[in-house]
Structure formats: C-alpha cells, structure tokens
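Morning, everyone. I have one structure to show, and I will take one helix and then the empty space inside.

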Amino acid sequence: MPGTRKGIELTRPGTGHLTIIAALLAMIGPFSIDAYLPSFPDIEAEFQISRAMLSQSLAVYLLAFAVSTLFWGPMADRFGRRLVILISMALYTLGSVACALADSASTFMVLRIVQGLAASGGFIAGRAMIRDAHDAEGARHAMSQVMLLFALAPAVAPVLGGWLHDQFGWRSVFWFLGAFGSLLVLMGFFITETLAHENRRSIHPASVVRVYISAILHPRFPALVFCLSVSFAGLFLYIAGAPAVIYSFLGLESSDFGWLFIPIVGGLMLGATISGRLAHRWPARRTISTGVLVMVLATTLNFVTVNVADAGILAVIGPLVLYVIGLAVMMPAITVLALDCLPSHRGTAASMQGFLQMVTNAVVASIMVPMLGVSWLHFVYGQAFFLLLAAGIWYWLQRSTT
C-alpha cells in the first residue's frame, strides 16, 4: 500500500490521534512550569525561602529535563516511542504526587528534579512519533497542529493553577499534575507504535556516543537547534519572569496571570495556524525567514514602547504577542528541518533539540531572570539579545547553503 511501511502509516490520513497525543505530551512542560507560578508567595512562606531560591526549583526542573532528553532519545530509537511514553509518564505521575506531599524546600527541589527527568520522555517520543508518521510537508503541518493545541497550555496552566491555589492551596496544583500524568499513562496503552522494528537502533553506549558526535559535527543540525532555542528564550524570559511581570511591572495580583498568558496563547495559536497554512505552499526556509522578520519587528516595537510609554498591559504584552506570532510561524518548520538532518535517528535528534532548548531555558530561569531583576527595560534588552543571536544564526545558515 502506498504511503505505508509494514503497516505503519507515513502520511497524514488516520494519524490525527497522534497529533492530539503529541500535543498533550508537549503540554506537560508548560503545566509543570506555569501552573505553580501563582503559588510562589505561599510556597515561599511555607518553606521560609526567598523568591530567588524558589526560582531555582524552576531551574533544576529544566536542567533535569535537558539532561534526561539525552537518555530518552536513544531509548525511543531502540525500544519504540510507546514504551518511553508509558515509563516516563508513570515516573512523572509519581514525582508530581510526591511534590504535593513535600514537607521541606530541599525535598521539594529534589522532587522537581524527578518531574523534569520524567517529563522529557513524553516530549521526545511525541516529536519523533509525529515525524515517523508523516512525510516532510505533512510533518510540518502536523507540528503546526501540535503547536496549535499545545498553545493552550501556557494560558490554561497559570489560570488553572491560580484557581486551584485559591480554592485548595498550592499542593493541589501538584495533585492536578499527578492526575494529568496518569491520564497520559492511560492514553499510552492505546498508542500504535510508529517505529518499525527494522528501524530500531542500538542502545550500546559506543553507538549512542557515535550518533551524538555525528549530530554535533553535522554542518547544519547544531545551528538549527540553537537558532530555535535562543528564539524561544526570548519568549521564555517573560514566562520564567512572570511573577516579575505580573507583580512588579504591572502591579497585578495572583489571579491576574491570565493577562500575560492568554495573549501569549492567542499569538501562539495564530502563528501556528499561519505556519500550518504555509506548510504546503512555502518552502521551510521562506517560512522561517518570515517568522524571524516578525520577531525582529516585535523587538523593535518593544524598544520603542519601553522608551515612550508607561508600563501597562498593552505596552508590556503587545510587542510580546507579535514576537510570539513570529516564533510560532517558524518553530514547526525549523523543528522538522532539524529532525531531517538525522533521518535514521529522529529520537536522538529530538533529544538534542530538547536538551539545548531546556538548557537555554534553565539559563534564562536561573541566571537571566534574577540578573534582569524587576526592570521592564532590562527584560527588553534580554529579549533583544536572544533575538539577535537567532537572527544571526539564521542569516549564517542562509548564506552557507546558497
């Protein structure tokens, strides 16, 4: 049958459920990061720690997520995507429940590491699963659909987290995360494996190291992954710094996180919709260039606004939404381009993507946010720094392939 390989579909028909599952697996990250942000003041008070110390619970989660991607990718290439989803989501569920029961700051920090170690497994397997099931253009379209669904998480997570916090206390947020993990374990039993047996790779350490070395030495793969990572960092600066944005820049309350995250979601959904429509019409390079240009315009607008207007919802959030639209336009295309650099090791390629993106996010959360403090202007400078890196890398990639 055309478009199949030993019963495994490679085209879009009949794979819609994989898109939904991959999106839910991707949502684990935003839920784990954003849902407990409104609870920061209460967690700080209960454990008697500072805001800077509690912010490290975000950093250690991201670092654990990053490091563990290097393990889950080869596992997904050897044992299949389904088994990785089942194991990682079961571990995530246990870690989340344990966070809800934590009785000290140190215990809470360790359990956040457990959450990070587990969360990356589903994220990696979901990305690889989408690329398994589609050709290049179909994968770009499917990745856009994943982003469209995934985009709901950053808006829902802090709003839901704030509601749970107000109604039942901060521990209820982690009980919810445990329940979400359990749902994904259940869904894992109904996933059809997308990795054919003849395409499974060795998990011998020497073989894995060789694949990682080939990825690092690839002429385009590291640059594509780093370009994506620093582009996303320009948004993540505001996500990790959400307490500063809400409490310090805008003078709002814990119930007002939606003023930041709902517009971000709107931008992600609009950009993902545009990217999906362009998938079968424009080549990937043109789509990425358009997204980068929109982010440049957004950052320019950000500089103008911070110098001529007082801090307010429209002034602070407006340019950020435009940045997010550009980011969402380019992300599916650049993700697929990077995965296609290692067509025989897509799980490993997804691992490297996840690793660098999460290390970058951890740097943002643990170093950039505390360093930039509560200054709106400094946040604008930080976003511009990441955008200049991304635009420079993409310009170099364009020149090196012409």
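Helices here are DSSP runs of H or I with at least four residues, numbered from the N terminus. This is a predicted model, where local features need pLDDT of at least 70, side-chain atom pairs count only at pLDDT 80 or more, and totals for chains, interfaces and linings use all residues. Residues are numbered from 1 along each chain as its sequence is written, and side-chain values use heavy atoms, with hydrogens and water left out.

Start where helix 3 ends: glycine 80 follows the helix and has a positive phi, near 100°. At the other end, a side-chain oxygen of serine 50 comes to within 3.1 Å of the backbone nitrogen of methionine 53. In between, helix 3 kinks by about 35°, centred on threonine 69; the bend is the angle between axes fitted to the seven residues ending at a residue and the seven starting there.

Now the empty space. A cavity is a set of points on a 1 Å grid over the protein atoms alone where a 1.4 Å probe fits but cannot get out, and lining residues have an atom within 4 Å of a point. The whole structure has 2 cavities of 30 Å³ or more, and the largest holds about 430 Å³, volume being the space filled by probe spheres set on the points. Which residues are closest to the centre of the largest cavity? Of its 27 lining residues, they are Ala26, Phe123, Arg127, Phe150 and Met331. Helix 1 gives the largest share of that lining, 6 residues.

Notes. Helix = DSSP H or I, 4+ residues; strand = E, 2+ residues; numbered from the N terminus. Polar contact = N/O pair within 3.5 Å; in protein donor to acceptor, adjacent residues only side chain to side chain. 1 Å grid on protein atoms, 1.4 Å probe; cavity = no way out; pocket = protein on both sides within 12 Å on 5 of 7 lines; lining within 4 Å.
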